Amino acid sequence: MSGSRERSEKIRTDLHFAKQKLNDLGEIKLDDSNLIEIDSLDVPSLYAGTTNLTLDNTLLDSIEKSSGVIASIFLVHDNKLVRVTTNLTTDGKRAIGSFISNDSHIYKKVIRNTSYCGNSLILGDWFIVGYEPIKDKDG
């Protein structure tokens with residue numbers, strides 16, 4: 001297997017593992033009545049079952065501890081993907097509130113309900129990444 005195919009398979013496996021851990025918490029839902037401020041944005045709370053994932057890094061820290069994977073969860077807000085929880089740090093601070101703009105090929109793929117695997121410049125560093133849309137029952 002080539003290095004590129006091996007990396008793609010590893011990303012898919014990591015995404016499946018993370019999605020399973022998320023699904024184990026319960027149904028995904030947004031609560032527009034419970035807004036949380038992230039930087040200067042008021043975003044709805046994102047739940048998996050009864051767990052409010054917004055600003056709660058417990059799930060992603062557990063994924064990193066189990067698999068070594070750096071992970072983030074984003075919400076679509078103001079035509080961008082806003083990072084609402086993460087184990088990605090820069091200068092010792094979690095990268096919560098950073099975002100992917102709507103002119104990004106990653107944004108365009110995710111918005112179209114398509115996975116993305118490839119390279120991405122994140123906060124000044126290159127990463128091999130995988131993005132998988134997560135939707136609530138209303139899409």
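The following paragraphs describe a three-stranded sheet and two loop residues in a predicted model.

Because the model is predicted, local features are reported where pLDDT is at least 70 and side-chain atom pairs count only at pLDDT 80 or more, whereas totals for chains, interfaces and linings use all residues. Residues are numbered from 1 along each chain as its sequence is written, and side-chain values use heavy atoms, with hydrogens and water left out.

The description begins with the sheet. Three strands form an open, antiparallel sheet in the order β4-β5-β8; strands here are DSSP runs of E with at least two residues, helices are runs of H or I with at least four residues, and both are numbered from the N terminus. Two strands are said to pair if DSSP finds at least two bridges between them. The edges are held by β4 (72-77) and β8 (99-101), and each has a single partner strand, so one side of each is left without a neighbour in the sheet. From one strand to the next, the twist averages 25 degrees, where axes are lines fitted to C-alpha atoms (for helices, over the stretch in contact) and angles run from 0 to 180 degrees between N-to-C directions.

The pairing of β4 with β5 (residues 80-86) is antiparallel and extends over six bridges. Within it, Ser72 stands opposite Thr86 of β5, and Phe74 has Arg83 of β5 as its bridge partner. Two residues lie between the strands in the hairpin of β4 and β5, where Asp78 takes a positive phi near 50 degrees.

On the β8 side, β5 and β8 pair in the antiparallel sense over three bridges. Here Val82 stands opposite Phe99 in β8. Why is β5 described as largely enclosed by the rest of the structure? Seven of the seven residues of β5 are buried, so the strand is largely enclosed in this way; buried means under 20% relative accessible area, exposed over 50%, and partly exposed in between (1.4 Å probe, protein chains only).

Two loop residues complete the account. Leu55 lies in the loop between β3 (51-52) and α2 (58-67). Leu55 is not a glycine, although its phi is positive, at about 70 degrees. With a relative accessible area of 39%, Leu55 is partly exposed.

Asn113 belongs to the loop between α3 (105-111) and β9 (116-122). Phi of Asn113 is near 65 degrees, again a positive value in a residue other than glycine. Asn113 counts as partly exposed, at 45% relative accessibility.
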